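This report describes one protein model for a reader who has not met it before. It takes up a pair of strands, then the sheets and the core.

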Amino acid sequence: GGQSPQSTISRYACRIMCERSAPYTARIYAAGFDSSKNIFLGERAAKWRTSDGLMDGLTTNGVLVMHPAGEFVSEPAPGVWREISVCGNVFALRETRSAQQRGKLVENESNTLQDGSLIDLCGATLLWRTPAGLRHTPTLKQLESLRQELNAARPQCPVGFNTLAFPSLAQREIVDKKQPWVYVNCGHVHGYHNWGYRKEKGPAGPGGTAPASTGERECPMCRRVGPYVPLWLGCEGGLYLDAGPPTHAFCPCGHVCSEKTVVGWSQIPLPHGTHAFHAACPFCGTWLTGEQGHIKLIFQGPVD
């Protein structure tokens, strides 16, 4: 309370400057200039003069950028998270997100965005894709075709023997009765069933009642215990690394996409809080769990 809208925005925002002369490039800067071209940051933000007499500074909670270590679509590998100043200079991360002492200047790195560069604005993480990079990703029409191919294979529940079907891309977060579900610790795909809950160990509850359920299920195919969630085809094509078949899912959220996409994103640590990093599903932001953060889906084909 009590802050002007401009000072509030300057704590988190960034500027992306696109150069129209070929080759086309985009550079990122921390927002912090007012209409008079003066530094305008939060009271606690770090500010200083450069060697050539210009004012520079960092936003209160930082504008962080990570460029991929290699080609984002061919050999996806995470780079190092850096902080970008108002003048576009690159710095090592501060000890905590809002520490007043800036990190060390990284002179051999640039604020020029690459295909796959990630921009973090205090919890809101943006992905920068180039036209060349997007040519490797599926369009909405191609994603719909992949969905239809999955359903045309008539996957079945190995227990109930009912045919499963992925819902339309427009039908988000509304679970259909034909929706495929998966045990995320093993990858076996089933239809929904309301049994297999694993009970907590320990003494019975008050009055000798059964102990409460943990919410995890036991797979009837392999007996592995873990979360049991509905599967959703990831429908933001720009988040894919290729247009390969949707054979894998992120754990524990159940978003389905290509193997290359789940492997690539499972390696990328996204900022969380003041100094923590976690890999997360790019479609919903859920922290990834398990040894790899993803699972290969095991479908049961039709029995006829």
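In this predicted model, Leu233 stands opposite Val256, a residue of strand β18. The pair belongs to a parallel arrangement: strand β16, residues 232-233, is joined to strand β18, residues 255-258, by two bridges.

**The protein as a whole**

The protein has 304 residues, and 43% of them count as buried. Its secondary structure consists of four helices and 21 strands. Taking contacts between residues at least 6 apart in sequence, 56% join residues at least 24 apart. The exposed area of the protein is about 16100 Å², of which carbon and sulfur atoms supply 53%.

**The four-stranded sheet**

Strands β16 and β18 are part of an open sheet of four strands, ordered β16-β18-β17-β21, and the pairing in it is mixed. The edges are held by β16 and by β21 (294-296); each has a single partner strand, so one side of each is left without a neighbour in the sheet. Helix α4, residues 259-266, packs on this sheet and touches β17, β18 and β21. The direction of α4 makes about 25 degrees with that of β17.

How do β17 and β18 run relative to each other, parallel or antiparallel? Strand β17, residues 246-250, runs antiparallel to β18, and three bridges join the two. Here Pro246 stands opposite Ser258 in β18. The two strands form a hairpin with four residues between them, and in this hairpin Gly254 takes a positive phi near 85 degrees.

Strand β17 also pairs with β21, in the antiparallel sense and over three bridges. In this pairing Phe250 has His294 of β21 opposite it.

**A three-stranded sheet**

Another open sheet has three strands in the order β11-β10-β15, with antiparallel pairing. Its edge strands are β11 (189-190) and β15 (228-230), each of which pairs on one side only. Strand β10, residues 181-183, is joined to β11 by two bridges, and the two run antiparallel. Val182 stands opposite Val189 in β11.

The table lists strand pairs from both sheets, with the number of bridges and a pair of residues that stand opposite each other.

| Strand pair | Sense | Bridges | Opposite residues |
|---|---|---|---|
| β16 and β18 | parallel | two bridges | Leu233 and Val256 |
| β17 and β18 | antiparallel | three bridges | Pro246 and Ser258 |
| β17 and β21 | antiparallel | three bridges | Phe250 and His294 |
| β10 and β11 | antiparallel | two bridges | Val182 and Val189 |

**The nonpolar core**

Which residues have the most contacts inside the largest nonpolar core? They are Leu231, Phe250 and Leu297, in a core of 39 residues. At least two residues of this core come from each of β5 (64-66), α3, β17, β18 and α4. Helix α3 gives the most, with three residues. In soluble globular proteins, nonpolar side chains tend to be buried together.

**A polar residue in helix α3**

Helix α3 covers residues 140-152, and Asn151 lies in it. The side chain of Asn151 reaches the backbone nitrogen of Phe166 at 2.7 Å. Leaving aside residues up to four places away in sequence, Asn151 touches Leu164, Ala165 and Phe166.

**Summary**

Helix α3 thus appears in two places: it supplies three residues to the largest nonpolar core, and it holds Asn151. Phe250 likewise appears twice, opposite His294 in β21 and among the core residues with the most contacts.

Terms used: Residues are numbered from 1 along each chain as its sequence is written. This is a predicted model: local features need pLDDT of at least 70, side-chain atom pairs count only at pLDDT 80 or more; totals for chains, interfaces and linings use all residues. Side-chain values use heavy atoms; hydrogens and water are left out. Two strands pair if DSSP finds at least two bridges between them. Buried means under 20% relative accessible area, exposed over 50%, partly exposed in between (1.4 Å probe, protein chains only). Contact means heavy atoms within 4.5 Å. Accessible areas come from the Shrake-Rupley method with a 1.4 Å probe; for residues, only the protein chains shown count as cover. Axes are lines fitted to C-alpha atoms, for helices over the stretch in contact, and angles run from 0 to 180 degrees between N-to-C directions. A polar contact is a pair of N or O atoms within 3.5 Å; within protein, one must be able to donate a hydrogen and the other to accept it, and residues adjacent in sequence count only if both atoms are side-chain atoms. A nonpolar core is a set of buried Ala, Val, Leu, Ile, Met, Phe, Trp, Tyr and Cys residues joined through side-chain atoms within 4.5 Å.
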